[in-house]
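Here are some short exercises to work through with the model open beside you. Try each task before reading its solution.

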Amino acid sequence: MTMEVAAHSLFSGSERGLLENVVLRYDNGVITDISEGVPPTTAPRSLVLPAFVNAHDHARAPASSFGALGMPLESWILRSALGTPVDPYLTAASALARSARAGCAAMMIHYTRPSGTMPLVEEASAIARAASDVGIRIAFALAVRDQNPVVYGDEEPFLSGLSKDDRGTIEQMFVRAPMSPKAYIELTDAIASAIAGPKVDVQLGPAGVQWCSKPLLEAVAENSAQTGRRVHMHLLETIYQRAWVDQHFPDGIVRYLRDIGFLSDRLTLAHCIHARPDEIEMIAASGARIVTNFSSNLHLRSGLAPIAAAHKCGCAIAVGVDGLALDEDDDVLREMRLVQMAHGGLGFQRTWTTSEFLGLAIANGRKATGSPGTGALVAGAPADFVTIDLDRLDRDQIMPVDPIDLLFARGNASLLRDVVVDGRKIVSEGRCTGVDLPAIEHELRGIYCANAKQLTPFQRAWPPLSVSLKNWFEAHLGCR
């Protein structure tokens with residue numbers, strides 16, 4: 001059945017640009033027509049946009065609730081283990097619903113912390129079921145590590161400085177036998193057999209070069225080239241990672257990745273905050289994308305990524321929330337605004353217009369997540385779009401103002417009314433239609449509170465552990 005949406009303004013994301021007083025028609029998940037219409041008489045006015053993309057995330061609970069705040073990644077990543085998913089379906093449904101409510105049609109799940117409560121294929125299936133219930137497209141990559149579980153180096157001297165009880169706690173939580181490259185490829189194949197489909201793209205997900213051995217990275221590169229499977233990985237997120245790769249890859253980490261065939265248009269790299277100009281140029285030349293995660297970088301004191309420079313040399317840029325939006329609310333619209341404000345130009349020189357940036361962030365995000373099309377609202381494209389309350393966005397209505405410019409001046413997720421993905425309305429008047437998000441979050445809080453009591457040994461170990469982490473990283477990889 002053909003559905004119609006009347007728009008006072010519609011940003012097509014294509015060469016047609018901004019259209020006024022049009023009707024968007026869609027049927028069976030596909031846009032069938034966008035044509036001129038009579039100006040809608042009902043209030044409020046509406047602005048229709050291509051649906052957004054959260055191109056890098058981990059589908060986890062807000063970390064600050066577990067005391068993981070005000071610390072660098074190298075401490076944060078251990079502290080946030082207190083928020084390990086206790087129910088994979090509920091945890092994923094909560095995160096996916098928050099992204100959907102913020103206007104996302106697609107989200108990348110780089111799954112870094114399995115719950116350990118069920119086999120990994122079953123856990124991935126629970127997450128795919130949550131995505132189906134929410135109605136959002138996902139890319140799923142099981143993150144893999146086979147080295148450096150606690151620090152970026154031999155953990156024995158580090159662990160030997162802890163008390164016997166604290167060492168036992170840390171080893172139990174973080175130190176385990178690594179998975180072989182062959183086993184990881186086979187597991188990824190099994191996950192793909194279980195969950196891959198039109199709205200689920202299964203990818204390879206090495207966690208990061210400091211956590212992955214050369215044999216593992218080379219196996220991922222080879223398998224991706226053979227199968228065409230996409231790859232998603234963190235790269236050069238912190239100053240300590242930069243120092244580590246400079247020690248272990250004196251000819252350059254990006255050069256090494258290029259030489260083993262890891263760099264390609266199948267690759268998406270999260271962060272790249274401390275990538276150097278020549279490295280950015282190699283990434284751009286390969287066709288790989290960089291996902292910038294502005295607020296996460298601020299929360300973790302990781303630095304400011306060279307996004308404008310990367311764009312200038314032709315690198316595709318997407319935007320991710322990384323589970324650490326500015327207010328930990330998964331508001332990807334605010335994240336896009338922050339990226340635009342920080343990297344959109346200097347003085348009179350502009351990196352891009354707001355319309356250009358919105359279009360490229362969506363198109364590159366869709367490619368990173370394996371979602372069909374560029375996101376542009378044109379006939380024949382997927383029916384993935386959001387409706388914004390234009391009266392609230394343009395609250396003063398003093399004179400005509402470009403609504404996209406206004407969106408990047410003051411827009412946030414609270415202005416979203418409806419979100420349609422694949423022709424299904426997954427958010428209506430700001431509420432998820434497929435799941436009861438408030439009920440899920442209420443249930444999760446109860447489970448997490450009970451679980452926290454079981455992790456008392458880790459909470460007791462945290463003060464000396466955090467001091468030891470600081471001392472180790474500053475001694476071995478700090479600025480000299």
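**Exercise 1. Two helices**

Task: Work out how helix α2 and helix α17 are oriented to each other in this predicted model.

Solution:
- Step 1. Locate the pair: α2 covers residues 88–101 and α17 covers residues 437–454.
- Step 2. Take the axes, which come within 10 Å and cross at roughly 140 degrees.
- Step 3. Classify the angle: only values over 145 degrees count as roughly antiparallel, and 65 to 115 as roughly perpendicular. α2 and α17 are therefore oblique to each other.
- Step 4. Add the handedness: the crossing of α2 past α17 is left-handed.
- Step 5. List the residues that meet. From α2 come Leu-90, Thr-91, Ala-93, Ser-94, Ala-97, Arg-98 and Arg-101. From α17 come Leu-437, Ile-440, Glu-441, Glu-443, Leu-444, Ile-447 and Tyr-448.
- Step 6. Sort this contact by class, which gives 8 nonpolar, 2 polar and 4 charged residues.

**Exercise 2. The open sheet**

Task: Find the strand order of the open sheet of 8 strands, and say which strands are at the edges.

Solution:
- Step 1. Trace the order, which is β3-β2-β1-β4-β15-β16-β17-β18, with mixed pairing.
- Step 2. Pick out the edge strands, β3 and β18, each of which pairs on one side only.
- Step 3. Look for the helix α2 again: α2 packs on this sheet and touches β16 (416–421), β17 and β18. The direction of α2 makes about 90 degrees with that of β17.
- Step 4. Turn to β2 (residues 18–27) and β3 (residues 30–36), which run antiparallel and are joined by 6 bridges. Val-22 has Glu-36 in β3 as its bridge partner, while Val-23 stands opposite Ser-35.
- Step 5. Inspect the hairpin of β2 and β3: 2 residues lie between the strands, and Asn-28 takes a positive phi near 55 degrees.

**Exercise 3. A covered strand**

Task: Decide how many residues of strand β5 are buried, and describe how β5 is joined to β6.

Solution:
- Step 1. Check β5 (residues 52–57): 6 of its 6 residues are buried, and the strand is mostly covered.
- Step 2. Follow the pairing to β6 (residues 104–111): the two strands run parallel and share 4 bridges.
- Step 3. Find one facing pair, with Asn-54 opposite Met-107 in β6.

**Exercise 4. Buried or exposed in the loops?**

Task: Say whether Gln-210, Asp-322, Glu-429 and Ile-398 are buried or exposed.

Solution:
- Step 1. Recall the cut-offs: buried is under 20% relative accessible area, and exposed is over 50%.
- Step 2. Gln-210 sits in the loop between β8 (200–206) and α7 (214–227). Its relative accessible area is 1%, so Gln-210 is buried. Beyond neighbours within four places in sequence, Gln-210 is in contact with Gln-147, Asn-148, Tyr-152, Gln-241 and Trp-244.
- Step 3. Asp-322 belongs to the loop between β12 (316–319) and α13 (332–343). With 3% relative accessibility, Asp-322 counts as buried. Asp-322 is not a glycine, yet has a positive phi of about 60 degrees.
- Step 4. Glu-429 is in the loop between β17 (424–428) and β18 (431–432). At a relative accessible area of 57%, Glu-429 is exposed. Glu-429, though not a glycine, has a positive phi of about 50 degrees.
- Step 5. Ile-398 lies in the loop between α15 (390–393) and α16 (403–410). Its relative accessible area is 69%, so Ile-398 is exposed.

Conventions. Residues are numbered from 1 along each chain as its sequence is written. This is a predicted model: local features need pLDDT of at least 70, side-chain atom pairs count only at pLDDT 80 or more; totals for chains, interfaces and linings use all residues. Side-chain values use heavy atoms; hydrogens and water are left out. Axes are lines fitted to C-alpha atoms, for helices over the stretch in contact, and angles run from 0 to 180 degrees between N-to-C directions. Angles under 35 degrees count as roughly parallel, over 145 as roughly antiparallel, 65 to 115 as roughly perpendicular and the rest as oblique. A crossing is left-handed if the near helix is turned anticlockwise from the far one by less than a right angle, and right-handed if clockwise. Contact means heavy atoms within 4.5 Å. Ala, Val, Leu, Ile, Met, Phe, Trp, Tyr, Cys and Pro count as nonpolar, Asp, Glu, Lys and Arg as charged, and the others, Gly among them, as polar. Buried means under 20% relative accessible area, exposed over 50%, partly exposed in between (1.4 Å probe, protein chains only). Two strands pair if DSSP finds at least two bridges between them.
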